[in-house]
Amino acid sequence: VVHTHMLNPEWLVNYFGRLSVDDCLECLKAMLQANIRQNLQVVVQIATKYHEQLGTEKLIDLFESFKSYEGLFYFLGSIVNFSQEPDVHFKYIQAACKTGQIKEVERICRESNCYDSERVKNFLKEAKLTDQLPLIIVCDRFNYVHDLVLYLYRNNLMKNIEIYVQRVNSGRLPVVVGGLLDVDCSEDSIKQLILSVRGNFNVDELVEEVEKRNR
């Protein structure tokens, strides 16, 4: 199996279909050990074709044991749209972050109904991406707005709070203002934020959030 570059890839993929599960996993491991750069593409093809027989979890463990986030990204990318497994969706988001595929992180955060939102939110906060849009999408979809505001404000990411209420969801402005008052954001900054929002928001809700805090 080590000299795979001398074999026809299609023949090799089909050959793996004749092996037992244990032999197949051992051979994939040997291929990655021998030359991960050369063999990664065909290992991903084999993993994708036989993942139901081999077990998705075992294949994820295999790629992770080699710290191959690229392998994980391509393998999970080929099955994520057909999978209902929360772990598959989470690991795909993780691999996409590690390989800099931020647009794909955004897409899954926006479209997937299968991931554990709390787990993804916490991962994205720890990942400290330069683009906070995936975190904003998750917090907006699953009502972690107060948590989002505290995180962004405490990490000096006020610009992202503006992006959220100006471009993503202006209707959340009252909750955002409430969160900013809780962290003692200056009233001038809050007024500027309110004036900058062109979209619709509930004025009564905004007044209620402010009055709740005796402002």
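Biologist: At roughly what angle do the axes of helix α2 and α3 cross?
Modeller: Keep in mind that this is a predicted model. Helix α2 covers residues 21–54, and its axis comes within 9 Å of the axis of α3. The crossing angle is roughly 165°.

Biologist: So are α2 and α3 roughly parallel or roughly antiparallel?
Modeller: Angles over 145 degrees count as roughly antiparallel. The axes of α2 and α3 cross at roughly 165°, so α2 is, relative to α3, roughly antiparallel.

Biologist: How many nonpolar, polar and charged residues does the contact of α2 with α3 have?
Modeller: On the α2 side the contact includes L25, L28, L32 and L40, and on the α3 side L59, L62 and F63 are among the residues met. Other participants include K29 and H51 from α2, plus T56 and K58 from α3. By class, that gives eleven nonpolar, two polar and two charged.

Biologist: And the crossing of α5 and α6, is that left-handed or right-handed?
Modeller: Helix α5 (residues 86–98) and helix α6 (residues 102–111) have axes 8 Å apart and an angle of about 160°. That angle makes α5 roughly antiparallel to α6. As for the hand of the crossing, it's left-handed.

Biologist: Which residues of α6 make the contact with α5?
Modeller: From α5, the contact uses Y92, I93, A96 and C97. By class, the contact residues of the two helices are seven nonpolar, no polar and one charged. The α6 side consists of E104, V105, I108 and C109.

Biologist: Which helices do the buried residues of α6 pack against?
Modeller: The buried set in α6 is E104, V105, E106, I108 and C109. Buried here means under 20% relative accessible area. The packing partners of those residues are α4, α5, α7 and α8.

Biologist: How many of the nine residues of helix α8 are buried?
Modeller: Helix α8 spans residues 133–141 and is mostly covered. The covering elements include α6, α7, α9 and α10. P134, L135, I136, I137, V138, C139 and D140 are the buried ones, which puts the count for α8 at seven.

Biologist: What is the relative accessible area of V138?
Modeller: V138 sits in helix α8. Leaving out residues up to four places away in sequence, V138 touches C109, Y115, S117, V120, K121, L124 and Y144. V138 is buried because its relative accessible area is 0%.

Biologist: What separates the C-alpha atoms of V138 and V80?
Modeller: V138 belongs to helix α8. Along the chain, V138 and V80 are 58 residues apart. Between their C-alpha atoms the separation is 18 Å.

Biologist: Which residue just after α8 takes a positive phi?
Modeller: Most residues other than glycine have a negative phi. Just after α8, one residue takes a positive phi of about 60°. That residue is N143.

Biologist: Is K67 buried or exposed?
Modeller: K67 is in the loop between α3 and α4, and its phi is positive, about 50°, although K67 is not a glycine. The cut-off for exposed is over 50% relative accessible area. K67 comes in at 66% relative accessibility, so the label is exposed.

Biologist: Where is D184?
Modeller: D184 has a positive phi, near 60°, in a residue other than glycine. Its relative accessible area is 58%, so D184 is exposed. Its place is the loop between α11 (173–182) and α12 (187–196).

Biologist: How do the residues of the contact of α11 with α12 divide into nonpolar, polar and charged?
Modeller: α11 and α12 pack at an angle of about 170° with axes 11 Å apart, and are therefore roughly antiparallel. L173, V176, V177, L180 and L181 in α11 meet I190, L193 and I194 in α12. The contact of α11 with α12 divides into eight nonpolar, no polar and no charged.

Biologist: How far apart in space are E85 and T56, C-alpha to C-alpha?
Modeller: E85 lies in the loop between α4 and α5 and, at 49% relative accessibility, counts as partly exposed. E85 and T56 are 29 residues apart in sequence. In space, C-alpha to C-alpha, the distance is 9.8 Å.

Biologist: How far apart do the end C-alpha atoms of residues 47–189 lie?
Modeller: An unreviewed UniProt entry annotates residues 47–189 as "repeat: CHCR". In the model, that span is 74% helix and 0% strand. Its end C-alpha atoms lie apart by 52 Å.

Notes: Residues are numbered from 1 along each chain as its sequence is written. This is a predicted model: local features need pLDDT of at least 70, side-chain atom pairs count only at pLDDT 80 or more; totals for chains, interfaces and linings use all residues. Side-chain values use heavy atoms; hydrogens and water are left out. Helices (H or I, at least four residues) and strands (E, at least two) are DSSP runs, numbered from the N terminus. Buried means under 20% relative accessible area, exposed over 50%, partly exposed in between (1.4 Å probe, protein chains only). Axes are lines fitted to C-alpha atoms, for helices over the stretch in contact, and angles run from 0 to 180 degrees between N-to-C directions. Angles under 35 degrees count as roughly parallel, over 145 as roughly antiparallel, 65 to 115 as roughly perpendicular and the rest as oblique. Contact means heavy atoms within 4.5 Å. Ala, Val, Leu, Ile, Met, Phe, Trp, Tyr, Cys and Pro count as nonpolar, Asp, Glu, Lys and Arg as charged, and the others, Gly among them, as polar. UniProt positions are given in the numbering used here, feature names are shortened, and annotations may be inferred rather than shown by experiment. A crossing is left-handed if the near helix is turned anticlockwise from the far one by less than a right angle, and right-handed if clockwise.
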